[in-house]
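Biologist: Could you walk me through this model at a pace that suits a first-year student?
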Amino acid sequence: GLTPTGIQNASGNFTLTPNGNTVTVDIGDIPAFASVTFDLTADIAANQFTDLTNPASVSGNEVDIEPANDNDSADLDLPQADLIIDKTDLQDPANAGGPLTYQITVVNDGPDNAAGVVVTDSLPPEVTFVSGNVDGDDSLVNVDVGTGNIIATVGPLADQATATITILVNIDPDSGTPITNTATVTSTPN
């Protein structure tokens, strides 16, 4: 949903009263044949994944001779993108003490462009990060010092576009068990 945050560009001195998801704006008296304007601002909930319809209505103390035009609404189309991630190890089997390359492919299956696309790779303790890149650009891959996760900043990804992340690691020489590695993809907003 929406959380009201304020009023802007008001053509008068209006009073804003939020009550949950409903906002009342007292605009005072309006002379005959005049109009007033204002913009309501709101934050979109982080878990809002579907389009929104924002209704509005107007009322006054006088008898309304045409009540059919007292309501309107605006549709807010939120971008939606189905991001698909696929991760493969390019050396299988890999040898303990040797290098291992992971290839991560992210596809935006639409229907809209995706913004702020980030891949997070939680490397297992049996490997040590050596290097990485996003479509050949190594400046887009970093290690989060707080978590040790690999962060690959893809950025905007158009509908039906693909990005390839390559992660090179060294396997612990004492590793004798299968290694499991998980990567996730997110985008903002939503």
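Biologist: How much area does the chain expose, and what share of it do carbon and sulfur atoms supply?
Modeller: In this predicted model, the chain exposes about 12200 Å², and 50% of that area is supplied by carbon and sulfur atoms.
Biologist: And what fraction of the residues count as buried?
Modeller: Of the 190 residues in the chain, 23% count as buried.
Biologist: Switching topic, how many helices and strands are there?
Modeller: The chain has 14 strands and zero helices, so from the N terminus on one meets β elements in succession, as the order β-β-β-β-β-β-β-β-β-β-β-β-β-β shows. The radius of gyration of the chain is 26 Å, well over the 16 Å that the globule rule gives for 190 residues, so the chain is more spread out than a compact globule.
Biologist: What box do the C-alpha atoms fill?
Modeller: Taken along the principal axes, the box is roughly 85 × 30 × 25 Å.
Biologist: Which residues form a salt bridge?
Modeller: A search of the whole structure finds one salt bridge, and it is formed by Lys 87 and Asp 121, whose closest N and O atoms are 2.8 Å apart. The pair links distant parts of the chain, since Lys 87 lies in strand S7 (residues 81-89) and Asp 121 in strand S9 (residues 114-122), 34 residues apart.
Biologist: Is Asp 121 buried or exposed?
Modeller: Asp 121 is buried, with a relative accessible area of 1%, whereas Lys 87 is partly exposed, with a relative accessible area of 22%.

How values were computed:
Residues are numbered from 1 along each chain as its sequence is written. This is a predicted model: local features need pLDDT of at least 70, side-chain atom pairs count only at pLDDT 80 or more; totals for chains, interfaces and linings use all residues. Side-chain values use heavy atoms; hydrogens and water are left out. Helices (H or I, at least four residues) and strands (E, at least two) are DSSP runs, numbered from the N terminus. The radius of gyration is taken over C-alpha atoms; the globule rule is 2.2 Å times the number of residues to the power 0.38. Buried means under 20% relative accessible area, exposed over 50%, partly exposed in between (1.4 Å probe, protein chains only). Accessible areas come from the Shrake-Rupley method with a 1.4 Å probe; for residues, only the protein chains shown count as cover. A salt bridge is a side-chain nitrogen of Lys or Arg within 4 Å of a carboxyl oxygen of Asp or Glu.
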